[in-house]
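Please find below a colleague's note for someone opening this structure for the first time. The points can be read in order, with the model at hand.

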Amino acid sequence: MKKNAQLTGEIVSWLVKILLTVLILAAIYAVVNFSITEDFNVSSTIADLMIRRTYYSSSCFALKDISVEPGVIDLNKFNEFRLKNCLNTEYPVKLSLEKLNRTISNTKFYDEEYNLCQIQNKKKRCFFNNKQYVLIESNGFRDFDMLNIGVIIR
Amino acid sequence: MKKSMIVGTFIMDFFSILTVIAILIIFNLLIPKEVAYVNIKEIKHVITSEKVVSDSGITLKNLLNTRVDNLNLYEFILLNKNDEPKIKLKINELMSFICKFDKQLLIKDPDNICFWNLKIISKDKDLSIKSKSDQVIVSPIIDGGTGDIIVLDKEGNPEILGFTGNRDFKTRFSNSIILPDYENNIITIEFNLYKGI
């Protein structure tokens, strides 16, 4: 009787030990796995580079007179053909000039992509936008405007 | 004897679990989380930080080059240096287009909340211009707001007294530019922009 009780006690103690060992191993595995397979989310960097390129580069919309004037938009360049060529990206991009009420995009499906992005998991941010105060130059005449840029990275 | 051994083993296992928890916490602290642009201090933050922000350098340059009464704003400031209200009015007019704030924005679109202040420092005097909202602003939680309170100091620098502690703006920029006036005296223009909560 005493021997039986001793045996049961030992079995229980071993079961607990095995359970704890498995738990500890699982935790160590999770920690190591998490640190090794950590992904860096560079979506915001990609979006930021694209956004800045639109008003910094003369290949996009920045005015080029004698030198390039970042932040000054050449209105003659502000069209969809140029947007597609200068960014050369599959990510949907939309630009609009608030005061002039002119909007261009590199895809016809920007709004659909935007709606899809809005219902996506909030932790996986996919919509990036920026508002930049710019000057507009058209045929020697200069005015100010607000350039809204939206980029969807999915 | 047997009992004490079991108790000992349990204690050891308990401490093993504690060690694992400690390791987890340390790893969690070491792995950089997403940080606001303004808080970037180390290279590891650069990889994961939120980068899409307004370019205040371009904003200041464009602001000073904006056409005002057939002049650019900087020339307008120089020519009207003795008429402070006129300068303030014109800058406020332009800045209200660039940087907007109202209570509805605080509730519906807190990312685009914006405050600013601008200082023109010359040899003779300083001129300080700031966002028009110079009172304490409260975002009521019942309206779906965050419960944040934004307070502006005398200089026009805003501070967020958050519902769960003080917070910083997502974007906080400080730019200054030194330019000569018509008599070759130095004029410093300081521009601060605070955006998004």
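**Notes on the two chains**

1. A pairing in chain B is a convenient place to start: B:Asn117 stands opposite B:Lys130 in E4(B). The model is a predicted one. Strand E3 of chain B, residues 114–121, and E4(B) are joined by five bridges, and the two strands pair in the antiparallel sense.

2. These strands belong to an open sheet of four strands in chain B, with the order E4-E3-E9-E8 and antiparallel pairing. Its edges are formed by strand E4 (126–130) and strand E8 (171–180) of chain B, each of which pairs on one side only. From one strand to the next, the twist averages 10 degrees.

3. Which strands of this sheet does H3(B) touch? H3(B) packs on the sheet and touches E8 and strand E9 (186–195) of chain B. The direction of H3(B) makes about 40 degrees with that of E8(B). Another helix, H5(B), lies across E3 and E4 of chain B and runs at about 35 degrees to E4(B).

4. Chain B also holds a hairpin, made by E6(B) and E7(B) with five residues between them. Strand E6 (residues 149–152) and strand E7 (residues 158–161) of chain B run antiparallel and are joined by four bridges. Within this pair, B:Val151 is opposite B:Glu159 in E7(B). In the turn, B:Gly156 has a positive phi of about 90 degrees.

5. Chain A has an open sheet of six strands, in the order E1-E2-E5-E6-E3-E4, and its pairing is mixed. Strand E1 (62–64) and strand E4 (102–105) of chain A are at the edges with a single partner strand each, so one side of each has no neighbour in the sheet. The twist of this sheet averages 45 degrees from one strand to the next.

6. At the E1 edge, E1(A) and strand E2 (residues 68–74) of chain A pair over three bridges in the antiparallel sense. A:Lys64 has A:Val68, in E2(A), as its bridge partner. H3(B) packs on this sheet, touching E2, strand E5 (127–138) and strand E6 (141–152) of chain A. Its direction makes about 25 degrees with that of E5(A). The helix is thus one to inspect from both sides, as it also packs on the sheet of chain B where it touches E8 and E9 of that chain.

7. At the E4 edge of chain A, is A:Thr103 buried or partly exposed? A:Thr103 is in strand E4 of chain A. It is partly exposed, because 13 other C-beta atoms lie within 10 Å, and a residue counts as exposed at 12 or fewer and as buried at 20 or more. Leaving aside neighbours within four places in sequence, A:Thr103 is in contact with A:Lys94 and A:Ser96. A:Thr103 and A:Ile149 are 46 residues apart in sequence, and their C-alpha atoms are 9.8 Å apart in space.

8. Two asparagines deserve a look for their backbone angles. A:Asn101, in the loop between E3 and E4 of chain A, has a positive phi of about 60 degrees although it is not a glycine. A:Asn101 is exposed, with 8 other C-beta atoms within 10 Å. B:Asn70 lies in the loop between strand E1 (67–68) and strand E2 (71–72) of chain B, and its phi is positive, near 60 degrees. B:Asn70 is exposed, with 7 other C-beta atoms within 10 Å.

9. The contact between the chains takes 27 residues from chain B and 29 residues from chain A. On the side of chain B that touches chain A, helix H1 (2–30), helix H2 (43–48), helix H3 (56–65) and helix H5 (84–98) each supply at least two residues. H1(B) gives the largest share, nine residues. By type, this side of chain B has 13 nonpolar, eight polar and six charged residues.

10. The largest nonpolar core has 49 residues, and those with the most contacts inside it are A:Ile73, A:Val134, A:Val151, B:Cys114 and B:Trp116. Not counting residues up to four places away in sequence, B:Cys114 touches B:Cys99, B:Lys100, B:Phe101, B:Tyr194 and B:Lys195.

11. On confidence, chain A has a mean pLDDT of 87, with 92% of its residues at 70 or more. Within chain A, confidence is lowest in helix H1 (residues 2–36), at a mean of 80, and highest in strand E3 (residues 93–97), at 96.

Note on methods. Residues numbered from 1 in each chain as written. Chains lettered and ligands numbered in written order. Predicted model: local features only at pLDDT ≥ 70, side-chain atom pairs only at ≥ 80, totals over all residues. Pairing = 2+ DSSP bridges. Contact = placed C-beta atoms within 7 Å. Nonpolar A, V, L, I, M, F, W, Y, C, P; charged D, E, K, R; others polar. pLDDT = per-residue confidence, 0-100. Core = buried A, V, L, I, M, F, W, Y, C linked by C-beta atoms within 7 Å. Axes fitted to C-alpha atoms, helices over the stretch in contact; angles between N-to-C directions.
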